[in-house]
Amino acid sequence: SWTEGGADEKEAGVARWVFEHGRPAGFGTDTLPSAKGWHLPLRGSKGPVGVLAVALAEHAAPLLPSQRQLLETFVSQTALALERAKLAEEAASARLAAATERQRSALLSTLSHDLRTPLAAVTGAAATLLQDGGLPEDARRELLEAIREEADRLGRLVADLLELTRLESGTIEARKEWQPLEEVVGSALQRVEPMLGARDVKVDLPDAMLLVPIDAALLEHVFVNVLENAAKYTPPDSPIEVRARADADGAIVEVLDRGPGIPPEEAERIFDKFYRLPGEASPGTGLGLTVSRAIVQAHGGRMWVERRPGGGAAFRFTLPFGGAPPEPDRRESRDLGERP
Ligand code: ADP
């Protein structure tokens, strides 16, 4: 409390002098003796770490040499302890900075690889098409298809990255409104339809009008992502199921497939940025599940994957209600009823 305010400003000034000069000052010394406190420098091995001010009772007898010595020992021990604590803190923040830096460079190298590979393919295919005017029709087609595929992949990567950056920087907020879950599932299914082919897709929503507080646009992204994965990573004729049920706290949604499933030791990692299962052959960025989980979390929910009994993956997420839905219908009819 000596560091701020009126009369104590003087004591703070003395303390600063002691810190800068490394010599005792204040009451009982030759320097600034009019101060109330006796200020002693706390010397660490690498320089000053602080100042200890001793407030002596008015009219106190001068300290005995043994008391002085005791106090000096206390001061030097305090200085060393403070220094140790400060060094430990610096080491911890250096470790954190190193970890952040490692993650950053891992991210950048994956990113440049993920961007460069499709770009190289597009450039290569375009160059061949330009050079060789006499290519047979199906070879031309193949090259054009490769260009489209790789450009799609780039587009997906950029979209995922943008989404992720916005979610991570907190500029995306789930703008929640009570809406029927069924509508979001329906529009997501429509979007992935081309990928689903002739698959059997079963939707099992107990209550067709199950209302949940969601940002429909964001949540649709989650469904599209998980359904696309179910289509990409499972045999073309295997079935997919979407289920939802509600309890008192919220809705729990499941997307189930009959593919190879996710090994339990990978169950957390597949939600990491850019992480794909080892040897993954289908194209992808490893960002879809990262973005999906971030969206679910922006809704206050959790997202995880489990082994599905009987084989396959079970992706699950929760959507907390966080309160009761508004009841516009009832309010309206009451209002009407109250009218004369
Ligand atoms: P992407 O699909 O772009 O690779 P995701 O984050 O969506 O990125 O998925 C990460 C990885 O998890 C995929 O590369 C794949 O290895 C694995 N994966 C995701 N969904 C499934 C699934 N339904 N069945 C098996 N593996 C899956």
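This passage walks through the ligand site, the pocket around it and one enclosed cavity in a predicted model.

The pocket is a good place to start. The largest pocket has a volume of about 890 Å³. A total of 38 residues line it, and those closest to its centre are Glu228, Asn229, Lys232, Tyr233 and Pro283. Several elements give two or more residues each to this lining, namely the helices α3 (137–168), α4 (181–196), α5 and α6, along with the strand β10 (313–320). Helix α3 puts in the largest share, with eight residues. Sorted by class, the lining of the largest pocket comes out as 15 nonpolar, 11 polar and 12 charged residues.

Now for what is inside. The ligand sits in this largest pocket. Two helices, α5 (216–232) and α6 (288–298), are the elements that give two or more residues to the shell around the ligand. That shell is made up of 18 residues, and the closest of them are Tyr233, Asp257, Arg276, Glu280 and Thr285. As for its make-up, the shell around the ligand holds eight nonpolar, six polar and four charged residues.

Some of the ligand's surroundings can be picked out atom by atom. Tyr233 has a side-chain N or O atom 2.6 Å from an oxygen atom of the ligand. For Asn229, the distance between a side-chain N or O atom and a ligand oxygen is 2.8 Å. Lys232 joins in too, with 3.2 Å between an N or O atom of its side chain and an oxygen atom of the ligand. On its own, the ligand would expose 530 Å², and the protein buries 98% of that. Asn229, Lys232 and Tyr233 turn up again in the pocket itself, where they are among the residues closest to the centre.

Besides the pocket, there is an enclosed space to look at. The count comes to one cavity of 30 Å³ or more, and the largest cavity has a volume of about 30 Å³. Its lining consists of Asp114, Arg153, Leu157, Gly284 and Thr285. By class, these divide into one nonpolar, two polar and two charged residues. Thr285 links the two parts of this description: it helps line the largest cavity, and it is also one of the residues closest to the ligand.

Technical notes: Residues numbered from 1 in each chain as written. Predicted model: local features only at pLDDT ≥ 70, side-chain atom pairs only at ≥ 80, totals over all residues. Heavy atoms only, no water. Near = heavy atom within 4 Å. Polar contact = N/O pair within 3.5 Å; in protein donor to acceptor, adjacent residues only side chain to side chain. Areas by Shrake-Rupley, 256 points an atom, 1.4 Å probe, with all protein chains shown as cover. 1 Å grid on protein atoms, 1.4 Å probe; cavity = no way out; pocket = protein on both sides within 12 Å on 5 of 7 lines; lining within 4 Å. Sits in = over half its atoms within 2 Å of the grid points. Helix = DSSP H or I, 4+ residues; strand = E, 2+ residues; numbered from the N terminus. Nonpolar A, V, L, I, M, F, W, Y, C, P; charged D, E, K, R; others polar. Points joined across faces, edges and corners; volume = space filled by probe spheres on them.
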